[in-house]
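Subject: A structure for you to look at

Hello,

Here is the structure I promised to pass on to you. Have a look at it first, and then read on for what I found.

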Amino acid sequence: MDCPLFLLLPFFAGDFYINLASQILIAAIFALSLNLLVGYGGMTSLGHASYLSVAAYISALMTSRYGLGHVSAAFISIAGTTAMAAFFGVIALRASGLGFLMITLALSQVLWGRAYRMSNVTNGDNGIAGLTRPMPFGISLDSAASFYWCALIVASFAYLMMAIFVSSSFGSSLKGVRDQPRRMAALGFNPWMIRWITFIYAGFWGGVSGLLYVYYNKYIHPTSLSTTSSAEALLGVIAGGSGTLGGPVVGAALVLLLKNYASAYIERWNMLLGLVFLFIVLVMPTGIVPGLGRLVTGLRRGSR
Amino acid sequence: MTPLISNHALEIINLNKAFGGLSVTQNVSLAMRPGERRLIIGPNGAGKTTLFNQISGDLRPNSGQIKLFGTDVTQFAPYKRAHFGLSRTYQIITLFTGDTLEHNITLGLLGLRPSRWQMWRPLSFYGDLATEARRILDAVGLLHLAAHPVSDIAYGEKRRVELAMALAQRPRVLLLDEPLAGLSNTERSTVKSLIASIPRETTVIMIEHDMDTALDLAETVTLLNYGRVIVDGDRDAVIADERTREVYLGV
Amino acid sequence: MQFWIIQGLNSLSLGGLLFLLSSGFSLIFGLMRLANLTHGAFFMLGTYFGATALRSWDGLNIWVTALGAGIAVAAIGGLFERLVLTRLKTNPLGQVLVTLGMSFIISDACLMLWGGDSIPVPTPQNLQSPTRVLGFVFPTYRLVLVGCAIGAAIVLYFLMERTRLGAMIRAGVDDRQMARAVGIPVSNLFTVVFCLGAGIAGAGGVLGGPILSAYPGLDGDMLPLALIVVILGGIGSLLGAFIGSFIIGFIYTFGTALFPELAYIILFLPMIFVIAFRPQGLFGRVGA
């Protein structure tokens, strides 16, 4: 990671770009959490937006409606989201492959529908606005730069934690279960438990990204629960390369940049998203990062 | 009722399994003493691998019991049976093809250890696992390939890795599903001598479709056909039995 | 009493629509092992085609429109299958993702072509007058829809059970590799089934127009229903899709009428139940 560049960004870029970078960091954490499931666990989920949104909503409600401080709200939010992940995991892991995909899709659709319907709680289509950002150690995060640095710290920590996770012996077990579940069971590993724990951990970090998301936007709306949201995250993971840790970060950044720039010129973001999906899956199925890696290796070999 | 002296390593009692209308295991009963070497033979479709799948827990029988050292494991999930000392190899290679040989064996060793739940330390932290993995690879003559990915090595070598992985956990009961299938003559004799050198603490059951190749490894033989036990007993007695000839010639 | 009868009929007509929607999905899933996430969009496309056609040409026969739309959607589906899906034979996850991508493309295209407002579809004139049965008054069109579903079910049944094509499809559903081994042209079969599934969805979209109207988001509303029907009824089983459609039709209609606040939950609860306790569905075939 190019540390100096990331740290010094606010010193040479304008607010617009700093904010964009913050959004990329949030999307990166979200994509990394999804990748624990998709890339390392072999479980493709189309409902990961649930964790981001629910965490965001809980924080929004706790602070705006119940007047809780940000620390308590954050704690309740993450605890609630993680509990939800545990519950959803039990249901979703009754199936695998396509069945798992369909259940995760269905569960997030339920939440999406509820968010619109329960307008006395969620404010329905209006969303919850007028939220505030927390003030860790009394420091205000309202400026673009200060929020960015906070997001950078959180994102770096998240990346580190997930890197430790995937290279730990548990991580090796997870990858083993992804590749040969029957063999792993015969060796004494408990595939269900390994998957469930991973599911919960992925939900936890999804929730963390949700907190940053609601702090950044100071607003939350049911569209964050839509299939499009989950699909964008999935695209980021797959486009970047699900077999690696850096891939989803690159992919999430790309999807976000594309969305930002494209929507300035083209109204049809969804159509573009669909086309990009088709392109990536057909042309670069393992993702950009492995693809570039191969390219670099190929160039190195060629220059000898 | 005979007194239940459970000094059997593996006991199968009246096992039955049917898929829809098709009966694949019919009233199969077997008892194996610790350290015994048993060969299960029978024509294609006799239900040998299905029987193994029920012993390992991949398949649930419709009725009957499976006991490991006196404990009823019929309701146990496959991973739990591994903790009871059961280990197996598969007909189809189920190795981790993208990983090195050493990593494959290491995973085999990790399965029974509490450290498999460790979410902090990398696998490389456990130096003793690596040492043991290399020792096991050496025992099967593959130490020189330890750093190679499984996808790179030959079929015969892969079979040896499968065997090594199953033996890594020092199992009490080992199921070998056609361990000699598809091997050349030299590879075959290598694997056979490896099987012959398995310590007596391990009870071994082997499936082989081709009778002749594995006979000298067996002490007792069970002949299956259409899911039923046809003949069962000491090797020489089973070979000499008329019914054995019937089954193989009549097919 | 009136309430129960009316809702009962609404359930039946919704069930009929769901069958038209999900029979194709079930076929595709059963044979190609593909969760076709474009299916809702195919249906919606049919509804939009029908809406435009029926509003532009007064007195246009709805059956002809349905057939036309079905063929058009089938053609689009066929192109997609040939150009995109066949290249992803070894990548089942990729296949699901491109169907998702395709659904985004189609739904955005519909938004682009027809705008964001809901377009009501006129009920065919000859079916507008209500029918009297046993002293109760029913909207005729809804009764006709049920008839359509039954008709489609019978046609599909004959196709699957009595024709060579159907035999090949069933063989492919049961054991794809074996079917290939005995010389069944599986990849051509895939294209045929995908077109068939898409076509039925498109035709169903037209027929559903008078009840549902054409609106952006129709695809997102219909797809989960198709998923639930197929999960409930079992993969690859037309009987399952048929019965499942009507069960869901009843659950959804009565659920929304009696407990409007719990609409989504009532719908997904049976699905979750099925997955938890009977993962192969009511009539599912556990294929290779």
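Let me start with one helix of chain C. H9(C) is mostly covered, with 14 of its 16 residues buried. Please keep in mind throughout that this is a predicted model. The length of H9(C) is as it should be: at 1.5 Å a residue, its 16 residues should span 22 Å, and the end C-alpha atoms lie 23 Å apart, which agrees. Just after this helix, C:Gly234 takes a positive phi of about 105°.

Chain C as a whole

Chain C is built from 11 helices and 2 strands. Along the sequence the pattern reads α-α-α-α-β-β-α-α-α-α-α-α-α, with the two strands following the fourth helix. Its C-alpha trace spans about 60 × 45 × 35 Å along the principal axes. A compact globule of 288 residues would have a radius of gyration near 19 Å, and chain C has 19 Å, which agrees. Half of the chain is covered in the sense used for H9(C): 50% of its 288 residues count as buried. If you look at the contacts in chain C with a separation of 6 or more, 78% of them come from residues 24 or more positions apart.

How the chains meet

Which chains share the most contacts? Of the 2 pairs of chains in contact, that is A and C. Here 33 residues of chain C are in contact with 29 residues of chain A. On the chain C side, the elements that give two or more residues are helix H4 (92–114), helix H9 (218–233) and helix H11 (263–277), so-called H9(C) being the helix I began with. H4(C) provides the largest share, 14 residues. By class, this side of chain C has 25 nonpolar, 5 polar and 3 charged residues.

Chain A also meets chain B, where 24 residues of chain B are in contact with 19 residues of chain A. Helix H2 (78–83) and helix H3 (101–110) of chain B are the elements that give two or more residues to that side. H2(B) gives the most, with 4 residues. The classes here come to 13 nonpolar, 7 polar and 4 charged residues on the chain B side. Chain B and chain C, on the other hand, do not touch, and their nearest C-alpha atoms are 11 Å apart.

The sheet in chain B

Chain B has an open sheet that I think you will enjoy. It is formed by 6 strands in the order S6-S7-S8-S3-S9-S10, with mixed pairing. Strand S6 (86–88) and strand S10 (228–234) of chain B each have a single partner strand, so they stand at the edges and one side of each is left without a neighbour in the sheet. From one strand to the next, the twist averages 15°.

At the S10(B) end, strand S9 (residues 220–225) of chain B is joined to S10(B) by 6 bridges, and the two run antiparallel. In this pair, B:Leu224 stands opposite B:Val229 of S10(B). Helix H1 (residues 48–56) of chain B packs on the sheet, where it touches strand S3 (37–41), S6, strand S7 (173–177), strand S8 (203–207) and S9 of chain B. The direction of H1(B) makes about 150° with that of S7(B).

Happy viewing, and best wishes

How values were computed:
Residues numbered from 1 in each chain as written. Chains lettered and ligands numbered in written order. Predicted model: local features only at pLDDT ≥ 70, side-chain atom pairs only at ≥ 80, totals over all residues. Contact = placed C-beta atoms within 7 Å. Nonpolar A, V, L, I, M, F, W, Y, C, P; charged D, E, K, R; others polar. Pairing = 2+ DSSP bridges. Axes fitted to C-alpha atoms, helices over the stretch in contact; angles between N-to-C directions. Expected span 1.5 Å × (residues − 1). Buried ≥ 20, exposed ≤ 12 C-beta atoms within 10 Å, placed from the backbone. Rg over C-alpha atoms; globule rule 2.2 N^0.38 Å.
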